[in-house]
Amino acid sequence: AMARRFPQVYVFPRDEALEKGTATKGLPFNPELLRRHAFQLRNMLEEYYWGRHSLWETMFPQATDPTYAQGMDALSDAIVRKVVHQRDFVMGFFGSSVVAAQDNCFHYAYPLQLRRTLLPLFEAAGIGLEVRTSGQNGDGGEAEVQMRCLESIMGNLLDLDIVNFGWWMIRTNAPSRHETIRRLLSRGVLPHFSEFVDYGRHLNEHEKVEYYKLGMMEINGWQNMYAPDWWPRRGKAHWGRNGDGSCHRTTREGALGVLYYNWHPGPAGFQLIADLWAYRYATAFAVAMDKIGKAIKDSDINSLKERWPWERKGKALPRDPPRCNKDRMATSDNWNRLCKRKFDDGYDNVRCSIGHYPKWGKDSNLTSWAVETDENGAPLTPEKPYQFNTGKWRWARTKANSTLGTSMGYHPGCPAQPQFAHMETCKHPDMGMSLIGGVSNGWVGLRLPKMPKLGRITICNKDKRSGYTASDAATIKIKLDGEPIDTPKWTPVTPFWIGCKQIGEFPDQVGKTPLLSFKIEMATNARFMFYIWAVIVE
């Protein structure tokens, strides 16, 4: 049996509601008691992992780092703000098939395990803990598009406290990483990375220091928490084995103690990722309760709301975005915009209509923008919503959910898990939709929202590979308010595989709501189908 590091009174109680204590000056709890509960949760995790060193050394900034205190101050302030205003704490999750819990029952995805671990603390403070997880398996849309359209997917930044990213096996480009970090921090939302920020390729140590101070955090090498002789570090032959190499054959919730089914973690692997964040967040929760306890002594709840207002201030970003020079700015539009600090205003100047699910942004899917046009692709008066699936353009599903273990059967020790298919909590929510049209489907119109500063319009295809299903050349007619826009032929020589194409910039449309309309024309192949997964206006 595992020796106990702490007497039971000092360890977080399992499956029990936490005591709130006596209400204090308008607060529905005693801050000191909740602070104690947060340390009990930390103690439970330290006991489970045989000490705190692994929980400290895998999360950055580390507890010994000079920027640790500043980062924890930002994180604890985010918790205080929601507690004093009695609003749910909201965490968003983006990422690849690992975040989507591919090959697993979705119930054991690490964002959901994290929520279940932390929820008693937040409920004791009188608020909920909402997790918005929108991870996509490998046939999802481009990571850069998801990141550019973050607010359209995750909802209003004012409601979000943390956005956590896990782009395992998908290397996003450097400007996109910087762009996302700066957009979020500029509105006070904390970017946290469950994998190293692209393995250190895009942010050098000086750049990270500046972001760490403002609340950015990341995990690096969570697999290193296993000893060198433990099986998870011995390669593919050990995929699917139960146990973590210590004395845990199941998770704390009783799920299979599989660390890796294949390249995707199992329930125990997800528990480990969740616990690393739970340890860090429990620490921040304790700091938050300490702040509240000290502030309430000589004031009341209204004073606390003034000190931590609902309309939060954005972070003061480093003056010069990283690695900016004339040569780099000339390499791409994204570097140019990053270096000119065009991304330091949240998502105020970008609007997306996107077939990505699940999502929480209002009016952000292509059906809400779609309207009928006349026979020439021009606006109708009065305007009418587009009628889909009536012999015209279709709104259809083009991406399957993550699987419930069916792809693992051919790996040693990884049997398929058909039992998951009938469990409601195991169903995966990730999916994708697209507008689909061919040569016989006529015009479809999209009434764009008020155009932001650039007047730029970009369209994106259904996934990372091809935007159409035929091999012959096609002409895609595009009009703006009934006026033709010059567009190239997209052929097998220059396929629509790169994810997105910029239609153009229209400065005269800034502040207006033009009609964008599409029609497919071609001479040789009536089977041609074109997919639109997202439209971005900036």
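In this predicted model, 59% of the 538 residues of the protein chain count as buried. The chain is built from 13 helices and 19 strands. Among its contacts with a separation of 6 or more, 78% are made by residues 24 or more positions apart.

A good place to begin the tour is the sheet. Six strands form an open sheet with mixed pairing, and their order is β1-β6-β5-β4-β2-β3. The edges are taken by β1 (59-60) and β3 (129-133); each has a single partner strand, so one side of each has no neighbour in the sheet. Elsewhere in this sheet, strand β4 (residues 162-166) and strand β5 (residues 190-193) run parallel and are joined by 4 bridges. One bridge partner pair across these strands consists of I162 and, in β5, L190.

Helices pack on these strands. Helix α7 (residues 174-185) lies across β4 and β5, and its direction is at about 140 degrees to β5. Helix α4 also packs on the sheet, where it touches β2 (89-95), β3 and β4 and makes an angle of about 170 degrees with the direction of β3.

Besides its contacts with the sheet, α4 has a helical partner. The axes of α4 (residues 110-124) and α9 (residues 267-297) come within 8 Å and cross at roughly 35 degrees, and this crossing is right-handed. On the α4 side, the contact is formed by Y110, Q113, L114, T117, L118, L121 and F122. These residues meet a set in α9 that comprises P267, F270, Q271, I273, A274, D275, W277, A278, Y281, A282 and F285. Sorted by class, the residues in this contact are 14 nonpolar, 3 polar and 1 charged.

Helix α3 (residues 68-84) invites a simple check of its geometry. With 1.5 Å a residue, its 17 residues should span 24 Å, and its end C-alpha atoms are indeed 24 Å apart, in agreement with that expectation. As for its surroundings, 13 of the 17 residues of α3 are buried, so the helix is largely enclosed by the rest of the structure. Just after α3 comes Q86, which takes a positive phi of about 50 degrees.

That backbone value leads on to other unusual local conformations. Most residues other than glycine have a negative phi, and most peptide bonds are trans. Against this background, D103 has a positive phi near 70 degrees. D103 sits in the loop between β2 and α4, and its relative accessible area is 0%, so this residue counts as buried. R341 likewise has a positive phi, in this case near 60 degrees. The place of R341 is the loop between α12 (333-339) and β7 (351-354); with a relative accessibility of 27%, R341 counts as partly exposed.

Cis peptide bonds complete the survey. F60 and P61 are joined by a cis peptide bond with omega of about 0 degrees, and P61 belongs to the loop between β1 and α3. A cis bond also runs from Y357 to P358, where omega is near 0 degrees. P358 is found in the loop between β8 (356-357) and α13 (366-369).

Notes
Residues are numbered from 1 along each chain as its sequence is written. This is a predicted model: local features need pLDDT of at least 70, side-chain atom pairs count only at pLDDT 80 or more; totals for chains, interfaces and linings use all residues. Side-chain values use heavy atoms; hydrogens and water are left out. Axes are lines fitted to C-alpha atoms, for helices over the stretch in contact, and angles run from 0 to 180 degrees between N-to-C directions. Helices (H or I, at least four residues) and strands (E, at least two) are DSSP runs, numbered from the N terminus. A crossing is left-handed if the near helix is turned anticlockwise from the far one by less than a right angle, and right-handed if clockwise. Contact means heavy atoms within 4.5 Å. Ala, Val, Leu, Ile, Met, Phe, Trp, Tyr, Cys and Pro count as nonpolar, Asp, Glu, Lys and Arg as charged, and the others, Gly among them, as polar. The expected span of a helix is 1.5 Å times one less than its number of residues. Buried means under 20% relative accessible area, exposed over 50%, partly exposed in between (1.4 Å probe, protein chains only). Two strands pair if DSSP finds at least two bridges between them.
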